[in-house]
Amino acid sequence: MDVTLEHYLVVSGVLFSLGLLGVIMRRNLLVIYMCLELMLNAANLALVAMSRYNGNLDGQIMVFFIITVAAAEVAVGLALIVALYRRRQTAHVEDLTSLKS
Amino acid sequence: MQAALFYFFAALTLVCGALIILNRNPINSAMFLVLSIASMAGLFVLLHAFFLAAVQVLVYAGAVMVLFLFVIMLLDLKEEDRRKFNLFGIITGVISVAAIAYISFAAIRSGSASVSRTASDIEGGTLPLGKLLFTNYLLPFEILSVLLLVAMVGVILLSKKDLK
Amino acid sequence: MVELLAWLVLFLPLLSVAAITIFTRGNAARSGAISITAVVFSFICGLVLFYALPESSMGMPIQIPWLSIHDQGLGLDLHVDIGLRLDHLSLPMILIVTGVGSLIHIYSWGYMKGDPGFARYFACLSLFTFSMLGIVLADNFLMMFIFWELVGVSSYLLIGFWYERPSAADACKKAFLTNRVGDFGFLVGILLTWATLGSLNFRDLETRLNVHSVEFSAVATAVGLLIFCGAMGKSAQFPLHVWLPDAMEGPTPVSALIHAATMVAAGVYMLCRVFFLLNVDGSQALQVIAWIGGITALMAALIAVQQNDIKRILAYSTLSQLGYMVMAVGCSGPVPAMYHLTTHAFFKALLFLGAGSVIYGLHHEQNIWAMGGVRRKMPITFWTFTFGTLALCGVPPLSGFYSKDSILAQAIKDHHYGLFVLGVVVALLTTFYMFRLFYVVFKGRPRTEAAEHAHESPSVMLWPLFILAIFSIAGGLLGIESLYARHFEAAVAGTEPGFWDRLLEPFNEQLLAASFGVLAVVFGWLWARSLYRNKAVDPLPEKLGWWSQLLRNKFYIDEFYENVLIPCTQDALARVADFIDRWIIGTFAVRGTANVTDVAGRLLRMLQTGSLQMYAFLLVAGVAGVLYWVLGK
């Protein structure tokens with residue numbers, strides 16, 4: 001059986017759903033962050049697969065950009081988490097329900 | 001051969017993805033994320049996106065994961081104590097995942113007729129990508145470098161001790 | 001060139017207002033100089049226009065398109081220009097406004113010397129000149145109305161010039177509000193005209209009137225009376241006359257310029273300008289106008305007989321003369337009306353400035369019984385004032401005689417015999433109260449310290465008196481009447497009348513009117529002389545008894561307004577306003593919006609739980625919804 005575009009898309013979709021499930025269910029900020037990365041990667045996979053099956057490199061360029069943005073995002077996000085932890089001594093979303101204090 | 005490799009990498013990616021969210025210890029989650037990403041690099045290779053596979057490993061499995069682990073160590077996060085059962089999270093999570101999954105699979109199924117079933121012979125090597133980046137996508141590329149700079153400055157500011 | 005001159009005439013005073021308010025507010029002398037220069041130059045431009053404008057370009061349009069609304073669906077077609085109209089009606093009027101205005105500006109330089117509001121005073125005076133010129137030159141109703149209101153504003157500012165005095169503050173408020181009543185009617189009249197004839201331009205109206213005469217005659221009376229409402233307010237006709245005597249709270253030059261010579265004449269001018277709208281078959285408006293004018297003339301003359309304030313006497317005299325002019329319009333004689341307006345502008349300005357000079361010389365004493373014997377102390381003022389008095393009474397061959405006679409003759413010609421008799425009685429009363437004033441103020445002995453030490457005014461105040469006196473004397477011989485006649489009647493055939501013809505014209509034309517006019521003057525003079533010569537107190541109250549009380553209190557009209565009319569309307573309006581404010585604005589608008597916002601805020605706040613999982617769930621739900629909608633179910 002040949003591997004077609006749908007195979008990749010299904011893998012990407014399942015991965016995305018897993019990430020989403022993690023984001024909603026988990027309560028540790030860091031794990032939520034990891035799940036976000038997972039979702040981004042799922043999108044990347046879909047883009048690369050599309051690029052391959054459409055014979056067009058633009059999708060891969062997009063992935064390149066996404067990776068860069070994700071790297072910047074991770075850096076800023078983790079810095080925020082560290083700052084938050086310093087102040088509140090927790091990385092648990094249920095303890096972080098108000099903006100002030 | 002191709003099919004076998006695909007199934008292997010796909011399964012590895014998905015299993016590791018599932019383990020990320022199932023694991024109670026953040027360090028373990030991070031480790032599974034590395035595995036998942038690395039196996040996705042394998043999928044990239046299968047798709048002839050060689051440059052991206054390398055970048056994936058370098059940036060994600062290298063830099064990003066090191067950051068994650070570093071922060072985990074810094075915060076000294078222990079294994080989560082067992083809190084009260086997160087019924088709300090599970091219900092909402094399942095509902096939204098079901099909705100998204102349903103829509104995306106419906107979209108895949110309805111769109112499959114119009115996509116070519118055979119892979120093109122396109123090669124995502126360094127040369128063609130580089131050419132594209134420095135011609136058609138020069139401006140976004142430069143803007144992206146500015147973005148990285150901004151992120152760097154922001155992080156430095158955020159990580160100062162007396163954050164006001 | 002003509003256009004430039006016309007615009008200059010109009011806008012020079014406005015420029016001076018701008019210059020004074022922006023640059024020289026702090027500098028009294030410079031402000032006054034700017035203002036005087038502007039109005040004198042405006043006068044010169046007017047003179048050039050008057051003498052150099054060829055007959056062919058009379059009434060040519062000078063227009064800048066301003067507002068054009070054309071809507072087929074609504075059937076709306078409104079076209080308004082900023083337009084000037086130069087013709088035989090407006091050109092002499094410009095000369096009166098700027099000419100008398102210049103003299104009064106110059107006079108004010110002396111009269112207002114040392115007043116802290118000197119610059120403000122001149123700015124207001126120039127603003128008034130600008131707005132008055134606007135009324136005169138306007139070629140459409142809307143523009144006229146705008147300037148009409150501007151005149152009201154500048155009059156308000158000038159009456160209340162000494163705003164720290166409560167009486168002045170009240171007077172300016174009263175003048176403004178009373179005028180508003182009239183202006184409301186005027187505006188409705190304008191709208192009604194537009195609704196029936198579809199234009200606001202005077203020339204268009206005139207041509208359309210010929211085409212749509214049948215449609216218009218249905219509303220002609222209403223339109224005429226509504227437009228007359230405007231004139232009623234501005235020209236202080238009964239029953240809206242109450243503001244004019246109180247307006248004397250302003251500085252005396254202001255009374256002379258605005259409340260005697262020009263602004264109050266604006267109503268009469270406007271009636272003459274739109275005379276073609278009033279003089280329509282089937283319109284009863286002119287009848288009403290004539291009688292209101294007559295009643296005002298008689299009533300004001302009667303009141304003037306028993307006033308003791310020199311400016312108030314002149315104010316009621318002005319009212320009475322305005323009634324005369326309005327009566328002339330009502331007797332379908334716009335030419336006599338304009339004629340009397342012109343001569344009245346000369347001698348009434350003269351009288352007011354003379355009175356101002358007396359007041360100035362007596363250190364702001366206005367009660368005539370505190371004067372006496374001023375003749376010897378202020379000879380120049382005395383002589384010029386005398387000529388003003390004679391002209392106002394209508395002694396031949398002074399200007400007042402000719403214009404007043406033409407009005408009486410017009411009343412006979414139009415078969416208004418009742419009004420003719422009324423006019424003669426008013427002429428008699430006019431002579432009586434003017435000579436009462438004359439004898440009490442200038443003859444006899446000084447009755448107070450102030451009168452003892454009166455001094456003649458500075459020459460800057462006397463020169464305008466001279467010039468106005470000359471015009472008051474010779475105004476009847478200049479051919480002003482034929483000038484106006486050219487506007488209203490088809491070209492007069494025949495040669496220009498010679499000097500002797502003009503001198504004796506009233507006797508040739510309408511002997512009855514002229515002889516009655518002269519007789520009224522003679523009897524009035526004899527009566528006043530017998531009563532007031534060398535008297536120290538007024539003998540009339542004893543003889544007349546409660547009549548005197550009635551006259552002294554102005555027929556209690558003010559009291560009637562204050563105690564009956566105003567409370568009633570005010571209470572009713574207040575109740576309505578209270579209801580609207582309390583229930584509609586307070587409850588629905590203010591508290592209603594507040595409550596809706598409050599409830600909405602409370603509801604929306606429930607979404608802000610702070611739970612990240614909730615947010616994520618809602619986000620995904622939203623995304624899913626959008627995707628479902630976009631991807632086609």
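Me: What share of the contacts in chain B with a separation of 6 or more comes from residues 24 or more positions apart?
Reply: This is a predicted model, where local features need pLDDT (the predictor's confidence in each residue, from 0 to 100) of at least 70, side-chain atom pairs count only at 80 or more, and totals for chains, interfaces and linings use all residues. Residues are numbered from 1 along each chain as its sequence is written, chains are lettered from A and ligands numbered from 1 in the order written, and side-chain values use heavy atoms, with hydrogens and water left out. Taking contact as heavy atoms within 4.5 Å, residues 24 or more positions apart account for this share of the chain B contacts with a separation of 6 or more: 63%.

Me: And in chain C, what is that share for residues 24 or more positions apart?
Reply: The count again takes contacts with a separation of 6 or more, now in chain C. Within that set, residues 24 or more positions apart account for 81%.

Me: How many helices does chain B have?
Reply: Helices (H or I, at least four residues) and strands (E, at least two) are DSSP runs, numbered from the N terminus. Chain B has zero strands, and its elements run α-α-α-α-α-α from the N terminus on. The number of helices is six.

Me: How many strands accompany the helices of chain C?
Reply: Chain C has 28 helices. Beside them, the number of strands is two.

Me: What part of chain C is buried?
Reply: Buried means under 20% relative accessible area, exposed over 50%, and partly exposed in between (1.4 Å probe, protein chains only). Chain B, with 164 residues, has 38% of them buried. For the 633 residues of chain C, the value is 54%.

Me: How much of the surface exposed by chain C do carbon and sulfur atoms supply?
Reply: Areas come from the Shrake-Rupley method with a 1.4 Å probe, and for residues only the protein chains shown count as cover. Chain B exposes about 9400 Å², with 74% from carbon and sulfur atoms. Chain C exposes about 26600 Å², and there carbon and sulfur atoms supply 67%.

Me: Which helix gives the largest share of the largest nonpolar core?
Reply: A nonpolar core is a set of buried Ala, Val, Leu, Ile, Met, Phe, Trp, Tyr and Cys residues joined through side-chain atoms within 4.5 Å. The largest one has 200 residues, and those with the most contacts inside it include C:Leu86, C:Phe141, C:Leu277 and C:Val441. Its largest share is 17 residues, and they come from chain C, residues 417-442, helix α19.

Me: How many residues are in the second, separate core?
Reply: Among its members are A:Tyr8 and A:Leu45 from chain A, and B:Ile21 and B:Val55 from chain B. The size of this second core is 80 residues.

Me: Which Thr does C:Phe141 touch?
Reply: Leaving out residues up to four places away in sequence, the partners of C:Phe141 include C:Phe186, C:Ile190, C:Leu200, C:Phe202, C:Val274 and C:Leu277. The Thr in that list is C:Thr193.

Me: Is C:Arg273 buried or exposed?
Reply: C:Arg273 sits in helix α11 (residues 265-273) of chain C. Beyond four places in sequence, C:Arg273 touches C:Arg85, C:Asp87, C:Ser90 and C:His487, among others. Because its relative accessibility is 3%, C:Arg273 counts as buried.

Me: What ipTM does the predictor give the complex?
Reply: Chain C averages a pLDDT of 83, and 96% of the residues score at least 70. For the complex, the predictor gives a pTM of 0.66 and an ipTM of 0.89.
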